[in-house]
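Could you walk me through this structure one selection at a time? I have the viewer open and would like to know what to click on and what I will find there.

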Amino acid sequence: MMMRRVLVIGGLVTVLAVATIAPALADDLSDYLVEADGAIYSGRRVMGTVWDGVESIGMVHVQHHAGMTLVGTDPDYAVIGGGRMYSGGADEAAVSFVRNAHIDPGDRYTVVPGDATDYMGRSARIINVMEGSRIRVRLIVDDSTAAPVATEVYGEDGNVFRYTSMVDFSVSADPATHAVEGKDFETMLPIESGDLSDAVAGYQLVDMYDAPNGSSQSFFSDGLFSFSLFTTSGWTDWSALSKNEIPYEVDGASYVRIIQPASVWVMWNSPGASMALVGDLPPDHIEQVLAELPKPSTRAWFKRIWFRLFG
Amino acid sequence: MARMTPGHNERGELFSAYLDGELTRDEVALVGDMLDGDEDAIAEFHAIREVRATLRLLPEFEVPAALLPDGHLGDRLSAYLDGELVSLEYRRVSRHLVDCPECRAELAELDRARIAVRSLPGVDTGMTGEIPVLPARKRRRGLIAGGIAATAAAAVLVLGLGIGGADAPVYSLDDLAARHVARASAEPASAVLPAMIEVSAP
């Protein structure tokens, strides 16, 4: 029987002590990321996002092995990693992205090692990721496996915006990579970038791909957080999307957003184009990004009314 | 069912194969048993893992250009497209593609040819009996996240693009989310900021 321990989630709060601040090399974060990528573990992970009082929570079974994560259980599962995603079950599918470049998180973030701690009865350490003088991410990393057993992402206000934590944990995992090798992937190759700037609010435009129905996917990253901007010509009735959409205003411009456990959507219509941003970046970063992207069109408002009235 | 207990040497090999992802499910379960409370086994496992982690952090050297046809990937690109590379080699090829526009162009060409071949209709030779017909390329975009998104599949997430109307093209947020998650998984940060469960929108 595999080793398995159960965590009381509330215990996480007490585990997160204030860290001793000490300078660290700029590339330390890359080292932690590489180690975490190579970790082997399995268990259940709870994830949640809290934004403006709205909370979205989810829980998944995960198995992480050789840089690939298997999420879910047979037959409904997906294997994700290295730019590839394979989903099993009746709707078997596989997609693989060829990337253009790698962004170094050391350009924007530094790591401050925190205290030794204990998580689910296992020795662990706290890693604080700083953006300037502000804490942006706090990780609890399992000592023996290098698995990130808990993560907290902080907003500009110092409140937790997103969290993930393993609620049970094992050092063993089914080799998830077996599920993807030999599969027939749809390969996505980068295309020439269009009119977008090469950098938006500290995020680099890493590469751009074709997306369904004539739209394009522009992938931005700052080495830690990332988002995709899907753009298509014409106007989209975002209000028909979901009853869970939440109005969102930035600098007097109106958007709609959807909050999910590990990402957020922001959608709008700019003059001549519909845009949808999906990513894991925190709210203050989203506001900075939106400030540098095409603004919502007021004309879209009239189209929206027209659409609602006449279809 | 009782399992055999491997000897010390076999245990090391088993751990090593486990870390390489080469074990069957039964063998993985055996490793799980061995690591469950056996301090010696856990120590040995950690020792092997740490050695491997150290090796992994050593600088990786590219394959000398002289050993590659014209310094490029050659027919490994086909294997890459066909998903036939093991993970480590897949990553090496991916890294090479980042820096090599020529190989990217060749990969694009191969992919176009591959799609064209798959789109060919079956050929009627006039002969009797069954003739294999090349399968058409499956349209997968709306289904990438199907497994995970099963609960949300019933949710209406189809977006009309343009002003609307029956002919307006459609796509789903599930589809776009899956594309983002797949692309983001190529970034090292995905190991600490997992983004794998919102392949479905509410």
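Here is a short tour in seven stops, each with something to select.

Before you start, keep in mind that you are looking at a predicted model.

**Stop 1: a covered strand**

Select strand 6 of chain A, residues 84-87. Show its side chains and look at both faces of the strand. A:Arg84 and A:Tyr86 lie on one side, A:Met85 and A:Ser87 lie on the other, and all of them are buried. Buried here means under 20% relative accessible area.

**Stop 2: back to strand 5**

Now add strand 5 of chain A, residues 76-81. Strands 5 and 6 of chain A pair in the antiparallel sense, over four bridges. To see a pair of facing residues, pick A:Ile80, which stands opposite A:Met85 in strand 6 of chain A. Then follow the chain from strand 5 to strand 6 of chain A: they form a hairpin with two residues between them. Click on A:Gly82 in that turn, which has a positive phi of about 60 degrees.

**Stop 3: on to strand 7**

Next, select strand 7 of chain A, residues 93-97. Strand 7 of chain A runs antiparallel to strand 6 of chain A, and four bridges join the two. Which residue of strand 7 of chain A is the bridge partner of A:Met85? Click on A:Val95 to find that partner. Another match to look for is A:Arg84, whose bridge partner in strand 7 of chain A is A:Ser96. Strands 6 and 7 of chain A also form a hairpin, this time with five residues between them. In this turn, select A:Gly89, which has a positive phi of about 85 degrees.

Stay on strand 7 of chain A and show its side chains. A:Ala93, A:Val95 and A:Phe97 point one way, A:Ala94 and A:Ser96 point the other way, and all are buried. Because five of the five residues of strand 7 of chain A are buried, this strand is largely enclosed by the rest of the structure.

**Stop 4: a parallel neighbour**

Add strand 13 of chain A, residues 186-188. Strand 13 of chain A pairs with strand 7 of chain A in the parallel sense, over three bridges. Select A:Ser96 once more and look across to A:Thr187 in strand 13 of chain A, which stands opposite.

**Stop 5: an open sheet**

Move along to an open sheet of eight strands in chain A, with antiparallel pairing. Its order is 14-15-16-17-21-20-19-18. Which strands stand at the edges? They are strand 14 (199-200) and strand 18 (246-250) of chain A; each has a single partner strand, so one side of each is left without a neighbour in the sheet.

Within this part of the tour, select strand 19 (residues 253-259) and strand 20 (residues 264-270) of chain A, which run antiparallel and are joined by four bridges. Here A:Arg257 stands opposite A:Val266 in strand 20 of chain A.

**Stop 6: salt bridges**

How many salt bridges does a search of the whole structure find? It finds 15 over all chains. Start with A:Arg44 and A:Asp168, whose side chains meet at 3.0 Å, N to O. A:Arg44 lies in strand 2 and A:Asp168 in strand 12 of chain A, so this pair ties together parts that are 124 residues apart in sequence. A:Arg44 counts as partly exposed, at 28% relative accessibility, whereas A:Asp168 counts as buried, at 6%.

Now select A:Arg108, which counts as buried at 18% relative accessibility. Its side chain meets that of A:Glu131 in a salt bridge of 3.5 Å, N to O. The side chain of A:Arg108 also meets that of A:Asp222 in a salt bridge, at 3.2 Å, N to O. This second pair links distant parts of the chain, 114 residues apart. A:Glu131 is buried, with a relative accessible area of 17%, and A:Asp222 counts as buried at 2%. To see the wider picture, select A:Arg108, A:Glu131, A:Arg134, A:Arg136, A:Asp222 and A:Asp284 together: they are linked in a network of salt bridges.

**Stop 7: a charged patch**

Finish on the surface. Select A:Glu156, A:Asp157, A:Asp251 and A:Glu287, which gather in a patch of negative charge there. A:Glu287 lies in helix 3 of chain A, residues 283-292. With 38% relative accessibility, A:Glu287 counts as partly exposed.

Notes: Residues are numbered from 1 along each chain as its sequence is written. Chains are lettered from A and ligands numbered from 1 in the order in which they are written. This is a predicted model: local features need pLDDT of at least 70, side-chain atom pairs count only at pLDDT 80 or more; totals for chains, interfaces and linings use all residues. Side-chain values use heavy atoms; hydrogens and water are left out. Patches are made of residues with over 30% relative accessible area and no salt bridge: like charges are joined within 9 Å, nonpolar side chains (Val, Leu, Ile, Met, Phe, Trp, Tyr) within 5 Å. Accessible areas come from the Shrake-Rupley method with a 1.4 Å probe; for residues, only the protein chains shown count as cover. A salt bridge is a side-chain nitrogen of Lys or Arg within 4 Å of a carboxyl oxygen of Asp or Glu. Lys and Arg count as positive and Asp and Glu as negative; His and the chain ends are not counted. The place of a charge is taken as NZ of Lys, CZ of Arg, CG of Asp or CD of Glu. Buried means under 20% relative accessible area, exposed over 50%, partly exposed in between (1.4 Å probe, protein chains only). Two strands pair if DSSP finds at least two bridges between them.
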